[in-house]
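User: Please take a close look at one part of this model and explain it step by step for someone new to protein structure. I would like one connected account.

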Amino acid sequence: MPPIPGSGLAKGLAVTLRTMTKRTVTAQYPEVQPELPPRTRGVIGLFEENCTVCMLCARECPDWCIYIDSHKETVPPAAPGGRERSRNVLDRFAIDFALCMYCGICIEVCPFDALFWSPEFEYAETDIHELTHERDKLREWMWTVPEPPALDPGAEEPKEIAAARKTADKLQAQEAQAAQEAQAAQEAEQSRPGQAPEAEGQE
């Protein structure tokens, strides 16, 4: 059936009329904070403990707005006779948000989950040079990162969580076994006959 002439115009006017009759709502910012979507790209938070100074984020950044400084420290061997190891220690981690284009590549390439999106967006400055934020500020933004969405009921447990739970269960079993052995040794010590009377007779 061919369309009725002028039906498109009528539909457009109907949408206009519906919009005109709705009440206008004004967001009272900054008195009322906006409700942002959970995946909002505001600023980047740094979880410093996970950073290994691998430099992947700085190398992959298309704007070269990530600045990282580090030094090496010698770690003593974990066991006697072992070999000393060296590890990188983070000295500086800064992001120039005057250059950042919020592409998220640094967060995607980080293999150790040290960078996260934060919905924080109120970080304007009067001087453009002050938009280079150091790791202390990035760490403060880390605590504004929302929790990840829950997994689907039928989804498999992440392997990181499964490995952590397995290690925790193993340590708990070892502690329980050590406690049982200590209790058994204490009970055996208390059940030895004749020690106290012999001592009194010798006196």
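Analyst: A salt bridge, as the term is used here, is a side-chain nitrogen of Lys or Arg within 4 Å of a carboxyl oxygen of Asp or Glu. This is a predicted model, in which local features need pLDDT of at least 70 and side-chain atom pairs count only at pLDDT 80 or more, while totals for chains, interfaces and linings use all residues. Residues are numbered from 1 along each chain as its sequence is written, and side-chain values use heavy atoms, with hydrogens and water left out.

The part to look at is strand β3, which covers residues 85-96 (strands are DSSP runs of E with at least two residues, helices are runs of H or I with at least four, and both are numbered from the N terminus). Strand β3 pairs with strand β2, residues 66-75, in the antiparallel sense over 10 bridges (two strands pair if DSSP finds at least two bridges between them). Within this pairing, R85 of β3 stands opposite V75. Strand β3 also pairs with strand β5, residues 132-133, again in the antiparallel sense but over 2 bridges, and there I95 has H133 as its bridge partner.

Side chains add further links to this picture. R87 forms a salt bridge with E73, and their closest N and O atoms are 3.7 Å apart. Because E73 lies in strand β2 and R87 in strand β3, this pair ties together parts that are 14 residues apart in sequence. E73 is partly exposed, with a relative accessible area of 33% (buried means under 20%, exposed over 50%, and partly exposed in between, with a 1.4 Å probe and protein chains only). R87 is likewise partly exposed, at 43%.

Further along β3, the side chain of R92 meets that of E134 in a salt bridge, at 3.0 Å from N to O. Since R92 lies in strand β3 and E134 in the loop between β5 and α4, this contact ties together parts that are 42 residues apart in sequence. R92 counts as partly exposed at 27% relative accessibility, and E134 counts as partly exposed at 32%.

For the wider setting, the salt bridge count comes to 5. One of them joins E48 and R135, whose closest N and O atoms are 2.9 Å apart. This pair links distant parts of the chain, with E48 in the loop between β1 and α2 and R135 in helix α4, 87 residues apart. E48, at 25% relative accessibility, counts as partly exposed.
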